[in-house]
Amino acid sequence: MILQKFSTGLLFLASTLLFSSEQSPQTTIQKPKLILQITVDQLRGDLPDKFMKHMGKGGFRYLKEKGVWYKNAHYTYSNTETVVGHTTLATGANPAIHGMVSNVWYDRVKKRLVYNIEDKRYHILSKNADIDDSTEVDSSQALAGTDGRSPANIMVSTFSDELSLFTNEKSKIFGVSVKDRGAVTLAGHNGKAFWFSKTSGEFITSSFYYDTYPTWVKKFNDQKLAERYLGKSWTLMHDKSKYMFGNSDDNPWEEDYANFGRVFPHVYGGKENKYFNHFLTFSPAGDELTLDFAKAIIDNEKMGQHDVTDYLAVSFSSTDYVGHIFGPSSLEAEDNMLRLDKTLASLFKYVDEKVGLDNTLIVLSADHGAPEAPGYLAKLGIEAKWIAPLKWNKKPSLSRLEKKFGVGQKLIESFFPPYLYLNHTIIKEKGLNLAEVQKAVAKEIMEIDGIALTVTSTEMLNNTLPDTYLYSAALKNFNAKRSGDILILFEPHCFANDMDGGAIMATNHGGPWTYDTFVPVIFAGSHLTGKQIYKPIRPNDIAATLSAVVDAKAPSGSNGTVLLEVLEGLK
Ligand SMILES: [Zn+2]
């Protein structure tokens, strides 16, 4: 009895010590007035440093000197595409859980390919601002069956949702990007999203968010800021001799899309040019316009001016378009990085004036990395190639399948890499075994040049796969409702042409290899001090960390780990 009392006393003493050390004043995290989450579309983790020499002071250099920079952050799922990465950044979940498994998937109920955030219930608020199929370069958006957009397809909560729940909707939440999916994902289910219409040159939204545009948005669009580029060109910021790629402006692997040209200056053209707004997005101008709208949100919505934390997500899309068209090792990409740096510096300066950087937590990352252009790799002696899976010579494969199952072509309901969807009705009608058909078709797909691995949904559901890097990446991308029967993974330095041979690009991302998975994760502002950290982390950790910063619970599918270096720095 005495012993028991003694040990209870010790326990009490130990817990009091623990309690008091956890409660001491210096351990309190100072909650920011504003969280500014920046996503750079297609920013591989090494690119800011690669081009930092000619950057100014207030952008990436500020992040490097004053920020906590994780230099070994990788996505761990297989399909490194835009909506997948943005949703992982927003939710801290892998696509298996958040459901945005690729930019496009096949909807078995609708019996067609669907665009990730399409939603026919919520039309865009502007007339004549829907995408124009004849000029749209984004092949996934062009597949949308409606102009309507909403976050309804995101199956879990986002950090911004959790912030909203924690403050009973008192926190103001906004997302803006040139790309609709870049804004909708991060704004979450309770925030407001705006994106750029390449048809009208305005920032637009859908009826999911508003019944009519707020007055300030109308005023912003009335300024017709895109028109300031009429008759102008994208020119180099510095003398050509200063650039790493100054001597290689005209590379044969670069794309001359709609006569935008392969060399500087890239001429935007006038009102007669139906690609005018597209050209803005293929250049730093797209990010400059996004910056203007972000500043307008901060100003008009009085972001970071009250007693709870507000959240602004800005996704800069130009780096992605420039990367696809010219490649990340091009004079265009190099100048775009310098211009993006200037855009970031301008945004940080504006936030400092309006909110104070001390009151702001900045987090910058990317939705995916970027491979080098196959043409450039070949020049360096690294074998790389384009493949066109849809041009797969099916005949021999289909006749083998027909011989085995009594049915060939009809087995395949839809094929849009990385997924192939089988016709389950026919398989059922013919009394075939789904797993056997999947295995046989997967084996035939392996015949296509440049395929590293095929994985069937039955293998993933039964969890019978060996614990290897590729199978693990495939599993993290597998959502039973949206992923196809067969997942196709390409060999390193093998790239599926987005349009399957229809449109030529300099390069394309979307695989499980490090050039695609590697992104920067940088926290800055508030009281953080400069630090570079090389331990492996995942971009999933951002949502978990932001939740911890504001004391909210983590998003519903989050599997991220709280980054303690950031929390420590905020004390
Ligand atoms: Zn992207």
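The expected span of a helix is 1.5 Å times one less than its number of residues. Helix H16 (residues 434-445) in this predicted model makes a handy check of that rule: with 12 residues it should span 16 Å, and its end C-alpha atoms do sit 16 Å apart, so the two agree. At the N-terminal end, Asn-433 acts as the cap, with a side-chain oxygen 2.9 Å from the backbone nitrogen of Ala-435. The buried residues of H16 are a mixed bunch: Val-437, Gln-438, Ala-440, Val-441, Ala-442, Glu-444 and Ile-445.

Next come the nonpolar cores. In soluble globular proteins, nonpolar side chains tend to be buried together. Here the largest such core has 147 residues, and the members touching the most others are Ile-38, Phe-60, Leu-312 and Phe-523. Helix H12 (residues 331-354) supplies the largest share of this core, at 10 residues. A second core, separate from that one, has 25 residues, among them Phe-415, Leu-422, Val-441 and Ile-448. Val-441 also turns up in the list of buried residues of H16.

Back in the largest core, Phe-523 has quite a contact list once neighbours within four places in sequence are set aside. One group of partners is Gly-67, Val-68 and Tyr-70, and another is Leu-361, Ile-362 and Val-363. The rest of the list is made up of Leu-528, Ile-542, Thr-545, Leu-546, Leu-563 and Val-566.

Now for a sheet. Strands of a sheet pair through backbone hydrogen bonds, either parallel or antiparallel. In this case four strands make an open sheet, ordered S13-S14-S16-S15, with antiparallel pairing. Strands S13 (412-416) and S15 (451-456) are the edges, each pairing on one side only. From one strand to the next, the twist averages 15°. S13 runs into S14 by way of a hairpin of two residues, and the antiparallel pairing of S13 with S14 (residues 419-422) covers four bridges. Across that pair, Ser-414 stands opposite Tyr-421, while Phe-415 faces Leu-420. Helix H18 (residues 469-476) packs on the sheet, where it touches S15 and strand S16 (486-490), and its direction makes about 50° with that of S15.

Elsewhere in the chain, Ser-177 belongs to strand S5 (residues 173-177). Ser-177 has a relative accessible area of 0%; the cut-off for buried is under 20%, so Ser-177 counts as buried. What does its side chain have for polar company? A polar atom of the Ser-177 side chain lies 3.0 Å from the backbone nitrogen of Lys-179, and the backbone oxygen of Ser-315 lies 3.0 Å from a polar atom of that side chain. Ser-315 is also one of the residues that Ser-177 contacts beyond four places in sequence, and the others are Gly-182, Ala-183, Phe-194, Trp-195, Phe-196, Phe-203, Thr-290 and Ser-317.

Glu-301 rounds off the tour, placed in the loop between helix H10 (284-300) and strand S10 (310-316). Apart from residues up to four places away in sequence, Glu-301 touches Lys-172, Phe-174, Trp-216 and Ala-296. Glu-301 and Trp-216 are 85 residues apart along the chain, yet their C-alpha atoms are separated by 9.1 Å.

Technical notes: Residues numbered from 1 in each chain as written. Predicted model: local features only at pLDDT ≥ 70, side-chain atom pairs only at ≥ 80, totals over all residues. Heavy atoms only, no water. Buried < 20%, exposed > 50% of the residue type's maximum accessible area, 1.4 Å probe, protein only. Polar contact = N/O pair within 3.5 Å; in protein donor to acceptor, adjacent residues only side chain to side chain. Contact = heavy atoms within 4.5 Å. Core = buried A, V, L, I, M, F, W, Y, C linked by side-chain atoms within 4.5 Å. Pairing = 2+ DSSP bridges. Axes fitted to C-alpha atoms, helices over the stretch in contact; angles between N-to-C directions.
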